[in-house]
Amino acid sequence: MPPARGHVVLTLSCPDRPGIVARVTRLLFEQGANIEESQQFDDPRGGLFFMRIDVSVPEGGPGLEELRAAFEPLAADLGMWWEMWDATAPYRTLIMVSRFGHCLNDLLFRWRSGSLNIDIPAVVSNHPDFEPLVASYGIPFHHIPISADTKPEAEARLRALVDDLDIDLVVLARYMQVLSDDLSRDLSGRIINIHHSFLPSFKGAKPYHQAFARGVKLVGATAHYVTADLDEGPIIEQDVVRVDHRMTAEDLVRAGEEVESRVLTRAVRWHAESRVLLNTDRTVVFS
């Protein structure tokens with residue numbers, strides 16, 4: 001093979017019909033691209049077809065914009081939703097946090113160590129607690145207090161940051177404020193939340209204390225996309241940890257924080273690698 005010019009990831013979904021794979025792969029072949037990884041899923045529930053392809057483009061081959069232009073007629077003919085990204089380009093990610101810092105700390109460490117395909121141009125919080133931690137990573141920290149009276153102004157500042165910093169992804173790393181319906185809709189598919197519970201159980205405040213009161217044997221965490229329906233967005237990843245009768249509510253909190261960090265990191269990693277496709281009220285995850 002000639003030396004690679006770069007890697008490109010194509011994700012798509014469309015109504016299922018015969019020949020989709022053949023037409024997509026033939027077009028990529030005609031553009032000189034070599035398929036490195038390909039995954040697909042046919043959902044009989046909604047009659048939709050999903051696909052993710054990672055291709056290398058040889059030196060002298062078409063660039064990203066040329067590939068997009070070549071793919072556009074096929075996508076239009078098949079009624080596709082599709083995206084094509086430079087696989088090495090990091091997602092510009094805005095992290096939001098309140099007063100629980102375990103998920104923030106984990107994301108910052110993994111970003112610094114190079115294990116997440118993201119850039120973090122800013123961290124936003126409604127409290128100043130984690131400004132020293134964020135500053136130690138050389139990342140700008142924006143303290144945006146919020147109350148019922150100031151919520152419109154606070155969200156206007158957040159929108160301005162998203163636009164000015166060209167943000168691809170917003171991560172709610174235990175950000176304990178409910179976003180407005182308008183903001184949730186406007187950033188649909190671009191906001192990931194970590195819920196400190198194994199949804200749909202134990203919604204609302206103090207879920208681990210609710211779990212303790214019920215004597216559960218498992219606690220977990222759920223990473224999902226944010227929608228206008230509180231804690232009802234499409235689920236990306238979940239995990240659980242076993243508990244027993246010897247554990248206190250505080251023990252459950254500590255165990256839960258560990259699983260929250262793992263689950264959120266996986267969701268962010270998969271999103272930043274274009275492995276998560278929305279499928280109406282759920283997701284397809286090509287992990």
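Let us start at V123, which, beyond its neighbours within four places in sequence, is in contact with L94, I95, V97, L104, V134, I139, P140, F141 and H142 in this predicted model. V123 belongs to the largest nonpolar core, a set of 34 residues, and together with L264 it has the most contacts inside that core. Several elements each supply at least two residues here: the strands β5 (91-97), β6 (118-125), β8 (169-172), β9 (191-195) and β10 (218-225), along with the helices α3 (102-112) and α8 (249-272). The largest share, 7 residues, comes from α8. Apart from this core lies another one of 22 residues, including I20, V24, A75 and M84. As a background thought, nonpolar side chains in soluble globular proteins tend to be buried together.

From the core, turn to helix α7, which spans residues 207-214 and has P207, Y208 and A211 buried. These three lie on the same side of α7, because they cover an arc of only 100 degrees around its axis. What covers them includes β10 and α8, and both of those elements also supply at least two residues each to the largest core. Just after the helix, look for G215, which takes a positive phi of about 70 degrees.

Helix α7 also leads us to the open spaces of the model. The largest pocket holds about 570 Å³ of space. Of the 30 residues that line it, Y175, M176, H195, H196 and D231 are the closest to its centre. Two or more lining residues come from each of α6 (181-186), β9, α7 and α8. By class, this lining has 14 nonpolar, 9 polar and 7 charged residues.

The second largest pocket has about 310 Å³ of space. Its lining is made of 16 residues, and W81, E83, G189, H271 and V276 lie nearest its centre. Here the elements giving two or more residues are β1 (4-15), β4 (81-86) and β12 (276-279). This lining divides into 7 nonpolar, 6 polar and 3 charged residues.

Strand β1 is worth a further stop, as it also holds S13. Is S13 buried or exposed? S13 counts as buried because its relative accessibility is 12%, under the 20% cut-off. Not counting residues up to four places away in sequence, S13 touches F49, F50, G79, M80 and W81. The last of these, W81, is one of the residues nearest the centre of the second largest pocket.

For a contrasting case, find H245 in the loop between β11 (235-242) and α8. H245 is exposed, because its relative accessible area is 68%, over the 50% cut-off. H245 and K217 are 28 residues apart in sequence, with their C-alpha atoms 8.1 Å apart in space.

Finally, let us look at enclosed space. A search of the whole structure finds 1 cavity of 30 Å³ or more, and the largest cavity has a volume of about 70 Å³. It is lined by M96, V124, I144, I146, A154, E155, L158, Y175 and L179. Helix α5 (residues 151-164) gives the most to this lining, with 3 residues. By class, the cavity lining has 8 nonpolar residues, no polar ones and 1 charged residue. One of the lining residues, Y175, is also among the residues closest to the centre of the largest pocket.

How values were computed
Residues numbered from 1 in each chain as written. Predicted model: local features only at pLDDT ≥ 70, side-chain atom pairs only at ≥ 80, totals over all residues. Heavy atoms only, no water. Core = buried A, V, L, I, M, F, W, Y, C linked by side-chain atoms within 4.5 Å. Buried < 20%, exposed > 50% of the residue type's maximum accessible area, 1.4 Å probe, protein only. Helix = DSSP H or I, 4+ residues; strand = E, 2+ residues; numbered from the N terminus. Contact = heavy atoms within 4.5 Å. Arc of directions from axis to C-beta. 1 Å grid on protein atoms, 1.4 Å probe; cavity = no way out; pocket = protein on both sides within 12 Å on 5 of 7 lines; lining within 4 Å. Points joined across faces, edges and corners; volume = space filled by probe spheres on them. Nonpolar A, V, L, I, M, F, W, Y, C, P; charged D, E, K, R; others polar.
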